[in-house]
Structure formats: structure tokens, C-alpha cells
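Please open the model in a viewer and keep the sequence panel visible. The tour below moves from one selection to the next and describes what is found at each stop.

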Amino acid sequence: MIIRSIVGKLWLTIIVLVALVLSFFSLFLNMQVDKSYTLDHEKSLKQLATEMRTTLEHTSPKEQADYIKTMFQVSELFHTYVLILNRQGKIETSAAPSNHMNVALQKALMDQDQLKQIFRGETVVLNKKILLKNLNQLEPSWLAHNDVLMVATPYYHGKQLVGAIVLYQAQDQLSENDIKWWIFYSASIGIILTTVFAFFLSSRITQPLIQLKQAAEQMAKGKFSVRLPVRIHERDEIVDVSIAFNRMAGHLEDSIQMLSHEKEKISSVLQSMSDGVISLDAEGKVILTNPPAERLLELFNQTQRKEDQRYLPQPLDDLYQQVVAGSTQQRGDMEIQGNIFSVVMSPLYEREQVRGVVAVIRDVTEARRLNKLRKDFVTNVSHELRTPLAMLQGYSEALKDDVAETPEERREIALVINEESERMGRLVSELLDLASMEAGHISIDLQLVDIRELFVRMTRKFQSLAKEQGIILEQRLPEVIPEVRWDEDKIEQVLTNLLGNAIRHTPKDGHVNLSLLYEIGQNNVQLNVSDTGVGIPVEDIPFIFERFYKADKARTRNESGGTGLGLSIAKHLVTAHGGDIHVSSQLGKGTSFSVILPLEAKQQNSSS
């Protein structure tokens with residue numbers, strides 16, 4: 001884990017570099033100490049040996065003994081010892097104190113080859129270790145250090161070789177080793193301090209990087225408000241990185257907030273749309289819907305018995321395949337359970353590749369129905385007006401051209417013209433009334449209404465017409481008749497329209513019934529107009545209260561005598577009283593209209 005960490009790598013790098021530098025530096029210092037001590041001691045011994053040789057060569061034999069004795073005493077003060085060898089290579093006992101006369105010392109210092117080299121007139125320098133077991137009889141404690149530096153030089157009387165002067169001294173190991181140990185201790189302390197310093201330095205350098213890593217991890221979890229601490233007074237590259245990271249995090253947080261706001265706006269727009277919106281991915285899976293689209297998919301799945309809403313139903317899937325294949329917008333209509341939906345699908349691009357599709361679905365059932373009604377209304381009004389106008393024109397031309405020869409014929413033509421004029425007047429009046437009702441302008445004059453008297457008047461009004469067509473008109477009233485507050489003229493107009501339709505659509509020997517249903521304690525009454533006529537097809541029942549709608553497409557207005565506006569007007573008048581109107585019918589068996597009205601009407605605004 002240390003090697004994988006940048007802290008560990010930096011720490012180990014500093015330690016290794018410093019350790020190597022200190023190690024090489026220690027070795028170099030040790031070599032320099034060794035070299036410096038050896039050269040200095042060797043130089044000193046050579047100078048001393050040269051002076052002693054010069055003195056002995058210019059001193060008489062009698063003075064030589066005193067000089068050598070003095071030389072021994074002085075040299076011992078500086079831990080330097082002297083041996084005087086004769087020509088045969090033996091120690092000159094007459095010139096040496098008894099405590100230094102040891103043949104073993106001579107043998108330990110030099111061998112025969114070195115003696116021959118000396119007596120050939122050469123100066124010999126040796127730096128060697130002496131084994132203690134060979135010198136166990138010697139007293140000087142300095143020999144315990146083993147390292148001995150020796151300088152041997154020959155001396156002459158005139159040109160005759162007399163012997164050799166041998167100087168030796170122990171290396172000052174305590175002083176040299178002390179320096180080496182201090183070097184080692186210094187290196188060790190340096191490594192320890194360097195380790196601590198390296199860890200502190202690496203931690204200080206990498207702490208912002210660790211914080212940067214932690215901040216990045218927090219941002220990866222969606223916490224875009226995280227920021228790095230910045231030491232402005234220690235401005236460096238890492239501080240610059242921290243400042244740049246904080247600036248980036250701020251911009252990113254602002255961008256995320258803006259995207260979130262835009263997403264909320266889009267979501268609000270989608271939620272408030274009346275049209276269904278479906279977003280699909282490249283595989284045709286549903287990834288986003290709004291409530292109208294969800295209801296539409298549920299309706300699709302119920303129709304096709306599918307439970308997985310992740311995939312499109314077949315009509316939409318076919319359109320989706322066309323969009324993906326052609327990379328162009330596609331439009332189409334589809335019908336579900338009698339409702340018509342308009343679909344617009346557009347491709348969504350990513351780097352010129354179709355990455356999905358968005359579909360907007362609108363329920364155009366009402367719009368199509370209204371458009372059809374508008375066309376039917378124009379057609380029916382044109383038809384209703386064209387017939388009487390044609391008759392008026394024809395009969396008026398007959399009068400102008402004196403086609404009618406007798407007064408009776410002219411009277412008959414005038415009667416037809418009058419009837420058609422009244423018919424056109426009724427049509428225009430009803431159209432105006434219906435337009436006013438649909439705009440909500442219905443004036444209701446509430447007053448007490450005697451239902452029994454109203455039923456008698458309505459029966460008397462249509463009794464003659466019923467007898468002419470061989471139809472039995474009956475009325476039924478309960479024993480208890482409540483008091484009601486209605487607009488009597490408006491309710492009479494409703495019953496007039498319903499009874500007129502019933503008589504017109506009932507064949508000879510049929511029955512038309514006007515009845516009242518009321519239960520004590522209820523707040524409303526029910527007026528029923530039923531017949532035993534031809535009935536209304538089931539598919540036409542939802543549309544019979546629309547203007548000019550004809551359930552019997554083969555029947556003409558002239559044959560029925562109606563304008564096609566009666567039921568629409570009746571529905572608006574009932575709604576204005578706060579009531580409702582229903583119809584039930586069976587082909588060949590008859591039709592029944594039920595008008596439910598409150599006992600005391602409250603005027604309601606009606607709208608189509």
C-alpha cells in the first residue's frame with residue numbers, strides 16, 4: 001500500500017536518495033581519514049629517521065650512545081620507538097634499553113627480504129598489523145592496537161654501511177576510529193532526521209492531493225458543494241490546482257443547478273401538458289412519460305393485454321420503426337376504443353446518430369367530432385334553408401307567371417308560402433335560441449309550477465295530432481305531487497320537443513306516455529316521455545343531443561317535420577335548471593326520455 005501511495009513513493013524516494021548520499025559521503029570521509037592519518041604519520045617518521053641518520057653519521061661513537069639514549073626517551077613521549085640494527089640485521093643491544101631488546105619485535109616488524117632491501121641502501125616503509133600472541137612479553141600498551149607504522153633507513157660512516165635505524169609507532173586508532181564512528185553516527189542521525197523530514201514534507205505536499213482525491217470522490221457521489229481548503233499565503237502549484245478545482249466545482253455546481261432547474265421546468269411543462277409525451281431510447285424502450293402518456297399506455301396495454309409498459313404497443317412501434325429507419329419525423333393517427341389519437345414522432349440525434357425518439361400523442365376525438373359537427377351543421381342548415389327557399393321561390397314564380405288560374409289555387413299557393421315562411425322563422429329562431437344557450441345566456445324565471453295543470457295542458461296540446469296519426473297519448477301522475485319552482489315556459493318547451501319527437505317517430509296504433517315519478521322525501525322529480533316507436537340505434541344514442549343529428553339517416557326533415565334542434569335545446573334548458581336528461585332505447589320497441597329536475601331549480605350556466 002505504501003508503494004501504491006504517492007506519499008509512500010515520495011517518502012521512500014527521499015529516504016533512499018539521502019541514505020545513498022550519506023553512505024557514499026561516509027565512505028569517502030573514512031577513506032580520506034585513513035589516507036590523511038597514514039600519510040601524515042609516514043611523513044613525520046621519515047623526517048625523524050632522516051634527522052637521526054644525519055646525526056648518527058656525523059657523531060662520534062662515544063656521543064652516539066648518549067644521543068641514542070636521549071632519542072629513545074624523547075621519542076617515547078610521542079609514542080614513537082626506535083630500534084638500531086647492526087650490519088648483520090641484529091638489534092644493537094648496547095644502544096637500546098633493556099625493555100626494547102626483543103628479537104620477536106624485529107621479526108614481527110620485518111622479514112629477511114625487507115632487511116636485504118634496507119641494507120641495499122633503501123628506505124623501507126611498512127604499515128602492518130602485529131599479532132598479540134607473538135608479543136605477549138612486551139609491556140607497552142599501545143601494541144594492543146596491532147596497527148604499526150614502521151620506517152627503516154640505513155646509516156653510514158663515511159661511505160661504509162654501518163647499520164639501520166628503525167622507527168615504529170602505533171597508529172592512533174582511538175582517534176581515527178572515533179572520527180569514523182562519529183561519521184557513522186552522523187550518517188545514522190541524518191538518515192533518521194531525513195526520514196522524519198521526508199515523511200513530514202511528503203505529507204505536507206501530498207495532503208492537498210489527498211484532499212483533492214477525497215473531494216473528487218465526494219463529487220462523484222453527487223455532492224457538488226464540496227470545496228478544497230486553500231492556503232493563499234503558501235501560493236504554489238498545488239494551491240493553484242486547489243483554486244482551479246474549486247473554480248471547476250463551482251462552475252459544475254452552477255451547471256448542475258441550472259440543469260436541475262431546466263429539468264424541473266421541463267418536468268413541470270410535461271406534467272401540465274394535456275398531450276401525452278413519450279421518450280424512447282435507441283432500443284424502443286420507454287424511458288420517460290408524463291401522466292397523459294401513462295394513462296394512454298395503460299389503455300393500450302389493456303386493449304392488447306400487455307403488462308410490460310417498457311415497450312411500445314404495436315401501432316406506435318410501427319411508427320417508431322419508420323422514424324428510426326428514415327431518421328425523419330413521422331405523423332399518424334390511431335384509434336383505441338372509439339377514441340382517435342394523433343401521433344407525431346421526431347428523432348433525437350447524438351453526433352448525427354439517432355439515439356432515441358420523442359412522441360407527442362394528442363386525443364383528437366373531440367376535435368374531429370366538432371369538425372364533423374361543424375360540417376354537418378353547415379350541411380344541415382343549408383339543407384333546412386334550401387328546401388323552404390326553393391318552395392318559396394317556386395310558388396312565388398307561379399304567382400308571378402299567373403300559373404294559378406282560380407282563386408282557390410292562388411289561396412293554396414299563398415298558404416304553402418306562409419307555412420314555409422313560418423318554418424324558416426322557427427328554424428332561425430331556434431338557431432338563435434340555441435346559440436344563446438350555448439353561450440350561457442339563458443334567462444330562467446323561477447316560479448311555482450302546477451305540474452298537474454302542466455300535464456293537462458301538454459296532453460290537450462298534442463291530443464289532436466296524436467289522433468290524426470292514430471296514436472294513443474296517455475298521462476300518469478302519482479297521488480302526491482310536490483310543489484316545484486321552475487321556469488314553466490322553459491319546461492313546457494322541453495316537454496313539447498320530447499312529445500313532438502315521440503309522436504313523429506311512433507307508427508299508427510302506437511302509444512306515447514307522459515308520466516311523473518316522485519318519492520316523498522326526495523329533492524327531485526322525474527318527468528318521463530316514452531313511446532313505442534321505431535327506437536334509436538345504440539351507436540347513435542351518444543350523439544342525439546347534438547345539433548341536426550339524424551339517427552335515421554334515410555329520413556328527411558320534410559318527412560319528420562322537425563328542425564333537428566329540439567333535443568339539443570331541451571338538454572340546454574334542463575341543464576340550466578340544474579337537472580339532467582337521459583335516454584334509453586331499443587330498435588323496434590321504442591324510446592324513453594327521463595328528465596330529472598330539482599324541486600327548486602337553481603339556474604346553471606349551460607355550455608355545449
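**Stop 1: a tryptophan in a helix**

Select Trp181, which is partly exposed because its relative accessibility is 48%; here buried means under 20% relative accessible area, exposed over 50% and partly exposed in between, with a 1.4 Å probe and protein chains only. The model is predicted, so local features need pLDDT of at least 70 and side-chain atom pairs count only at pLDDT 80 or more, whereas totals for chains, interfaces and linings use all residues. Residues are numbered from 1 along each chain as its sequence is written, and side-chain values use heavy atoms, with hydrogens and water left out.

Trp181 belongs to helix H5 (residues 173–220). Helices (H or I, at least four residues) and strands (E, at least two) are DSSP runs, numbered from the N terminus. Add Ser26 to the selection: its C-alpha lies 9.8 Å from that of Trp181, although 155 residues separate the two in sequence.

**Stop 2: two successive hairpins**

Next, select strands E7 (residues 330–336) and E8 (residues 339–350), which pair antiparallel over seven bridges; strands pair if DSSP finds at least two bridges between them. Asp333 stands opposite Ser342 in E8. Two residues lie between the strands of this hairpin, and Gln337 takes a positive phi near 50°.

Extend the selection to strand E9 (residues 353–363), which is joined to E8 by ten bridges and runs antiparallel to it. Glu350 faces Gln353 in E9. This hairpin also has two residues between its strands, and Arg351 in the turn has a positive phi of about 55°.

**Stop 3: an open sheet**

Now display the five strands that form an open sheet of mixed pairing, in the order E11-E13-E14-E16-E15. Strand E11 (472–476) and E15 are the edge strands; each has a single partner, so one side of each is left without a neighbour in the sheet. From one strand to the next, the twist averages 10°.

Within this sheet, E14 and E16 run antiparallel and are joined by seven bridges. Val525 is found opposite Leu597 in E16. Add H11, which lies across E11, E13 and E14 and runs at about 175° to E11; axes are lines fitted to C-alpha atoms, for helices over the stretch in contact, and angles run from 0 to 180 degrees between N-to-C directions.

**Stop 4: an aromatic pair**

Which arrangement do the rings of Phe545 and Phe593 adopt? Their centres are 6.3 Å apart and their planes are at 85°, so the pair is edge-to-face. Rings of Phe, Tyr and Trp (its six-membered ring) pair if their centres lie within 6.5 Å; planes under 30 degrees apart count as stacked, over 60 as edge-to-face and the rest as tilted. Phe545 lies in the loop between strand E14 (524–531) and helix H13 (557–560), 48 residues from Phe593 in strand E16 (residues 590–598). Both Phe545 and Phe593 are buried.

Select Lys571 as well: its charged end sits over the ring of Phe545, 5.5 Å from the centre. This term requires NZ of Lys or CZ of Arg within 6 Å of the ring centre and within 35 degrees of the ring normal.

**Stop 5: an exposed loop residue**

Finally, select Asp509 in the loop between H12 and E13. Asp509 is exposed, with a relative accessible area of 59%. Its phi is positive, at about 70°, although Asp509 is not a glycine. Most residues other than glycine have a negative phi.

Technical notes: Contact means heavy atoms within 4.5 Å.
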